[in-house]
Amino acid sequence: MNEAIEMLADQRLKTMDQILAVLNRNIVDFGSKFPTVVSDHNVYGTRINEDGWTQSFYTGMLWLAYETTKDERYLKKAKEHTESFRNRLLDNKGLETHDIGFLYTLSCVADYRLTGSQVAKETGILAADKLLERYKEVGEFIQAWGANGDPNGYRLIIDCYMNLPLLYWASQVTSDNKYAEAATKHAHTARKVVIRPDNSTYHTYYFDYETGVPTKGVTAQGYSDDSCWSRGQAWGIYGMALCYRYTKDPVFIEEFHRLADYFVNHLPEDSVAYWDLIFQEGDEERDSSAAAIAICGIEEMLPYLSDDQAGKYKDYADKMLMSLMKSYTAFDTQGANGLLLHGVYSKPGNEKSGYGVDEMNLWGDYYFMEAIVRQNKTWNPYW
């Protein structure tokens, strides 16, 4: 056992060095721009910060690099990103989404937590205000996508669990409980509808616009409405852990067990999930990002579990992480400028059909790096 622990620790340190080497190149190559959402043949392009939900994952990696090394290069670039996100908020560009939580937690909230920046704090609060506008009293949930209040888009998605920390943080720094109250109401609404009796999850759930009554669960990125999109299940695992941290409501530990057990019980031999958990063998693509997210969620929950439970889940997390480090990294791939191969953004037939299939993606890279940081040091999460 000690030998296995030492091998894992050595591999983490080696992998972190490789990650930092990639970031060092990208700081130069990307300049003032951000990577594209996904790679094309394992190469990220660049984009400006005016729409989309993924830019902050690059920013989050810069903050993790700064925490790890204290190298001022990362701090300077991350600070530039804080200004970019502030400008995006003030200009209201591409913020008609619940993903404001992703965008501003890994940029402005991280900045405030690490540097005490009052500008970052103010921007984070403004972002929380913007996110709060999407909270619906009728139904008690945060509307995921589309025009705010659109009856045809009156729904939540499981991903939103990762946007709630922005609201909890805002209540902490303002002493105004309205943000936390909305977050907790959404968390309970979502868990009641997206988790099925067999402990798998829906991606998205619709509500009646006039009554708030839940109407149907479907998928946008899973294999079918009745299957279990692996990244969605991973969002739920991490989300339950975060909700427990902020609320200390034991129901979130119970839900964590349900979602985590289902996830690990549907993994293939190498412990890295297929893009939908309906698959456990065969030629379907893996989603390495789902594994990275699940590892972080498990690591978040470990302090709140009994020793026996923590040991069990820690073993699952270690196996997933070792598999990612040994077999899924991009460091030896010619021309690749990211971290983690074999991710899937969206494979099924929707508006992004076939987009980012068996490619790198920014959230996979970020959560892979976060997972390593979590295991290398005592880490105060940005979430």
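Ala, Val, Leu, Ile, Met, Phe, Trp, Tyr, Cys and Pro count here as nonpolar, Asp, Glu, Lys and Arg as charged, and the others, Gly among them, as polar. The model above is predicted, so local features need pLDDT of at least 70 and side-chain atom pairs count only at pLDDT 80 or more, while totals for chains, interfaces and linings use all residues. Residues are numbered from 1 along each chain as its sequence is written, and side-chain values use heavy atoms, with hydrogens and water left out.

Let's start with the empty space inside. A cavity is a set of points on a 1 Å grid over the protein atoms alone where a 1.4 Å probe fits but cannot get out, and its lining residues have an atom within 4 Å of a point. Grid points are joined across faces, edges and corners, and a volume is the space filled by probe spheres set on the points. One cavity of 30 Å³ or more is counted, and the largest has a volume of about 70 Å³. Its lining has nine nonpolar, three polar and one charged residues. Of the 13 lining residues, Asn26, Met61, Asn337, Gly338 and Asp365 lie nearest the centre of the largest cavity. Helices here are DSSP runs (H or I, at least four residues), as are strands (E, at least two), numbered from the N terminus. Helices H1 (2-30), H2 (55-69) and H12 (362-376) each supply at least two lining residues, and H1 gives the most, with four.

Next come the cysteines. With a disulfide taken as a pair of cysteine sulfur atoms within 2.5 Å, the structure holds zero of them. The table shows two cysteines; buried means under 20% relative accessible area, exposed over 50%, and partly exposed in between (1.4 Å probe, protein chains only).

| Cysteine | Closest cysteine sulfur | Relative accessible area |
|---|---|---|
| Cys228 | Cys243, 18 Å | 2%, buried |
| Cys296 | Cys243, 16 Å | 0%, buried |

Cys296 also appears beside an aromatic residue. Leaving aside neighbours within four places in sequence, Tyr367 is in contact (heavy atoms within 4.5 Å) with residues including Phe57, Trp235, Cys296 and Trp383.

Where does Gly335 lie? Gly335 sits in the loop between helix H11 (307-327) and strand S8 (343-346). With a relative accessible area of 47%, Gly335 is partly exposed. Although Gly335 and His41 are 294 residues apart along the chain, their C-alpha atoms are separated by 9.0 Å. Not counting residues up to four places away in sequence, Gly335 touches Asn42 and Val43.

How values were computed: On a 1 Å grid over the protein atoms alone, a cavity is a set of points where a 1.4 Å probe fits but cannot get out, and a pocket is an open set with protein on both sides within 12 Å along at least five of seven lines; lining residues have an atom within 4 Å of a point.
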